[in-house]
Amino acid sequence: MTVAMKVRKGDTVHILAGKDRGKEGRVIDAMSRERKVLVENLNLVKRHTRPRPLSDSSRMGGPQIAPGGIIEKPAPLPVSRVMLGCPTCNRPTRIGIEIRETKGDQRKVRVCKRADCGQDIDK
């Protein structure tokens, strides 16, 4: 069973809570089962990794080694801590879903719920 989320991969979101509050970034991955999103260059955590040989290195020469050290990578954020930014009015907004009919078939379209905007989020 998949759980539908209103935030998708590639959307621009604003962070509502946490150490990166007020910043905005692009969603790299949306994990609907865990209800979490990965936001590019936000909620960074440091991981200490040791150098390891790569398993699929070329047969020519010696083994290639993945570098070790302290690596920063984004950690998942709960979807409740982010709010989608409307591409039209450039402000964080709640999302509504409307059913539109185009060329005989019906589609669900995400819509900005601000009173002064109301534009489609999906183009």
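Me: Before we start, what counts as a disulfide here?
Reply: A disulfide is a pair of cysteine sulfur atoms within 2.5 Å. Keep in mind that this is a predicted model.

Me: OK, how many disulfides does that give?
Reply: Zero disulfides, going by that rule.

Me: Why doesn't Cys112 have a bond?
Reply: Its closest cysteine sulfur belongs to Cys117 and lies 3.8 Å away, which is too far for a bond because the cut-off is 2.5 Å.

Me: And which cysteine sulfur is closest to Cys117?
Reply: That would be the one in Cys86, at 3.7 Å, so again too far for a bond.

Me: Are those two buried or exposed?
Reply: Cys112 is buried, with 3% relative accessibility. Cys117 counts as buried too, at 15%.

Me: Switching topic: how are the strands in the open sheet ordered?
Reply: Five strands make up the sheet, running S8-S3-S2-S1-S9, with antiparallel pairing. S8 and S9 are the edge strands, each pairing on one side only.

Me: How many bridges link S1 and S2?
Reply: Three bridges, in the antiparallel sense, with S2 covering residues 24-31. Val13 sits opposite Gly25 in S2.

Me: What else is Val13 in contact with?
Reply: Setting aside neighbours within four places in sequence, its contacts include Val7, Lys23, Val27, Val39, Val82 and Leu84. Val13 is also one of the residues with the most contacts inside the largest nonpolar core, along with Val37, Val39 and Val82.

Me: How many residues are in that core, and which strands supply at least two?
Reply: The core has 14 residues. Strands S1 (12-15), S3 (36-39) and S9 (82-84) each supply at least two of them.

Me: Now Leu77, where is that found?
Reply: Leu77 is in strand S8, which spans residues 77-78. Leu77 is buried, at 5% relative accessibility.

Me: How far apart are Leu77 and Lys36?
Reply: They are 41 residues apart in sequence, yet their C-alpha atoms are 5.3 Å apart in space. Lys36 is on the contact list of Leu77, beyond four places in sequence, and so are Ile15, Arg35, Val37, Val39, Asn43 and Val82.

Me: Asn43 is on that list. Where is Asn43 found?
Reply: Asn43 is in the loop between S3 and strand S4 (44-49).

Me: Is Asn43 buried or exposed?
Reply: Buried, because its relative accessibility is 17% and the cut-off is under 20%. Not counting residues up to four places away in sequence, Asn43 touches Lys19, Asp20, Lys73, Pro74, Ala75, Pro76 and Leu77.

Methods. Residues numbered from 1 in each chain as written. Predicted model: local features only at pLDDT ≥ 70, side-chain atom pairs only at ≥ 80, totals over all residues. Heavy atoms only, no water. Buried < 20%, exposed > 50% of the residue type's maximum accessible area, 1.4 Å probe, protein only. Helix = DSSP H or I, 4+ residues; strand = E, 2+ residues; numbered from the N terminus. Contact = heavy atoms within 4.5 Å. Core = buried A, V, L, I, M, F, W, Y, C linked by side-chain atoms within 4.5 Å. Pairing = 2+ DSSP bridges.
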